[in-house]
Amino acid sequence: MPDGCLPPRLLNSDPEGFAWGVWHDRTPRLVAGIRDAHPYGPEQRDALDALLEEVASGMMSPLPRAAHDHDLWAGWGRERFGRPWAEAPFLWSESYFYRRLLEAVGYFGTGPWRGVDPFGHLKSAELTDPELEADLAAPADQEKLPAGERGEAKLLASLWGNRADLGFRIGRERNDARAEDLVSDDRARLWPLLGPSARVVLVADNAGRELLADLVLIDHLLEHGLAAEVHLHLKPQPYMVSDATPSDLAACVQRLASVPGTPADIAARLTRAAAGTRLRVSAHPFYCAPQPYRDTPADLAAEYAASTLTLMKGDLNYRRLTGDRAWPATTPFTTAIAPFPAPVAALRTLKSDVLTGVPAATLTALDATGPAWRTAGTHALLQLSP
Ligand SMILES: O=P(O)(O)OC[C@H]1O[C@](O)(CO)[C@@H](O)[C@@H]1O
């Protein structure tokens, strides 16, 4: 679909929109939490306060001249800098906020906070949370299922693992009690794509629980003749609170390895696979860029094109696939996403406004329950294109 025919982008300025709560409620809480959790000096504290103030009521300013990626963002932000945050598209400005947050805490600087993940305390708390024991026990339970059901169980665990998102939990209680509903489900079309020579890309989303379930799924694909190789794509730097970086992958594999039995066996197999060519890990800079997949750079597009299937995890990837635009929710997923060079499946729990590919009858029934189902993470989808 040509650019001019696309529906409008979702903006920060809509008081009814999901973005409104992100900027007015979640962001101040997030920044306060980061301030409280670190022995930052006045420089980092002042910079965090200034960022919050700018976001709340000010004009968007560019990165400092000395930033390594100043020029890159200056190009991307040409039409945005000097204008109010409130007027910006949600997708673009949220990405830029996380880049600015790293700047504020000196992540790329030359001081003591260089390379220190400002969300690290949340991620490590999740890996040591006693509640994680149940997730670590799941792989052994899944192995007890009939052979034909194991893959399905692991795919669903990876999909629902997306609900366990640290940023999303800020300001909310976890609510595991709600029924787990798939509003759109292409699972039956996904499995036939896989096989002994398949090359699968898994674009990860969150560290901790979700990544753990993703790793169990990857191990299953490699061990059961469903993929010859899996390419695991991670974020190159801390992003959107809990998004998985290579350090988070290392921590997750170590956590698996610390539990004797099935989890430790999975960790050992994945470590061996990564040492060879069957599991490849990468962290392309585009994964922290403010653009939709419509603007995928050529090298990454070539990787997708060379794969049998790309699994895109999570809400943010869904927003980037669909351009974070106001699509009527019945629009077919394939129509809404940018032309993608090979089969792609979105595995997402619904945590923001954009939505496509939902049958009209499902929409009517769920909308009758109120608007929360669209953004509360209680519902999910698995959509495949083409
Ligand atoms: O981790 P996920 O599934 O991408 O979800 C994170 C969601 O939370 C938010 O960060 C909330 O702002 C959204 O941008 C994003 O859609």
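Here a trainee asks how the labels on this predicted model are justified, and a mentor answers.

Trainee: Let's start big. How is the chain divided into domains?

Mentor: Into domain 1, residues 3–117, and domain 2, residues 122–385. Taken over C-alpha atoms, their centres are 25 Å apart.

Trainee: How many residues of each domain are in contact with the other?

Mentor: 21 residues of domain 1 touch 22 residues of domain 2. To count as a contact, two C-beta atoms must lie within 7 Å.

Trainee: And which helices supply the domain 1 side?

Mentor: α1 (18–37) and α4 (90–104) each give at least two residues to it. α4 gives the most, with seven. By kind, that side of domain 1 has 14 nonpolar residues, two polar and five charged.

Trainee: What makes α4 count as largely enclosed?

Mentor: The burial count. A residue is buried if 20 or more other C-beta atoms lie within 10 Å of its own. In α4, 13 of the 15 residues are buried, so the rest of the structure largely encloses this helix.

Trainee: How do you know that the span of α4 agrees with what its 15 residues should give?

Mentor: You set one value against the other. The expected span takes 1.5 Å times one less than the number of residues. For the 15 residues of α4 that gives 21 Å, and the end C-alpha atoms are 21 Å apart, so the two agree. Just after α4 comes Gly106, with a positive phi of about 75°.

Trainee: What about α11, how does its reach compare with the expected value?

Mentor: α11 has 12 residues and reaches 16 Å from first C-alpha to last, close to the expected 16 Å. Its buried residues are Asp248, Leu249, Ala251, Cys252, Val253, Arg255 and Leu256. Among what covers them are α5 (120–128), α10 (209–223), α12 (262–275) and β4.

Trainee: Is Met240 buried or exposed, and how do you know?

Mentor: Buried. The cut-off is 20 or more, and Met240 has 21 C-beta neighbours inside 10 Å, so it passes. You'll find Met240 in the loop between β3 (229–233) and α11 (246–257). Met240 also has a positive phi of about 45°, although it is not a glycine.

Trainee: And Val241, buried or exposed?

Mentor: Buried as well: Val241 has 23 other C-beta atoms within 10 Å, set against that cut-off of 20. Val241 lies in the loop between β3 and α11, and its phi is near 70°, a positive value in a residue other than glycine.

Trainee: On to the sheet. In what order do the strands run?

Mentor: It is an open sheet of seven strands, ordered β1-β7-β6-β5-β2-β3-β4, with mixed pairing. Neighbouring strands are turned by 15° against each other on average, direction ignored.

Trainee: Why are β1 and β4 said to stand at the edges?

Mentor: Because β1 (181–185) and β4 (279–282) each have a single partner strand, which leaves one side of each without a neighbour in the sheet.

Trainee: How do you know that β1 and β7 pair?

Mentor: Pairing takes at least two bridges. β1 and β7 have four, in the parallel sense, so by that cut-off they pair. Within this pair, Ser184 stands opposite Leu381 in β7.

Trainee: Last one: what makes the bond between Ser385 and Pro386 a cis peptide bond?

Mentor: Look at omega, which is about 0° for the bond joining Ser385 and Pro386. Pro386 sits in the segment after β7 (379–385).

Key:
Residues are numbered from 1 along each chain as its sequence is written. This is a predicted model: local features need pLDDT of at least 70, side-chain atom pairs count only at pLDDT 80 or more; totals for chains, interfaces and linings use all residues. Domain bounds come from an automatic or database domain assignment. Ala, Val, Leu, Ile, Met, Phe, Trp, Tyr, Cys and Pro count as nonpolar, Asp, Glu, Lys and Arg as charged, and the others, Gly among them, as polar. A residue is buried if 20 or more other C-beta atoms lie within 10 Å of its own, exposed if 12 or fewer, and partly exposed in between; C-beta atoms are placed from the backbone. Axes are lines fitted to C-alpha atoms, for helices over the stretch in contact, and angles run from 0 to 180 degrees between N-to-C directions.
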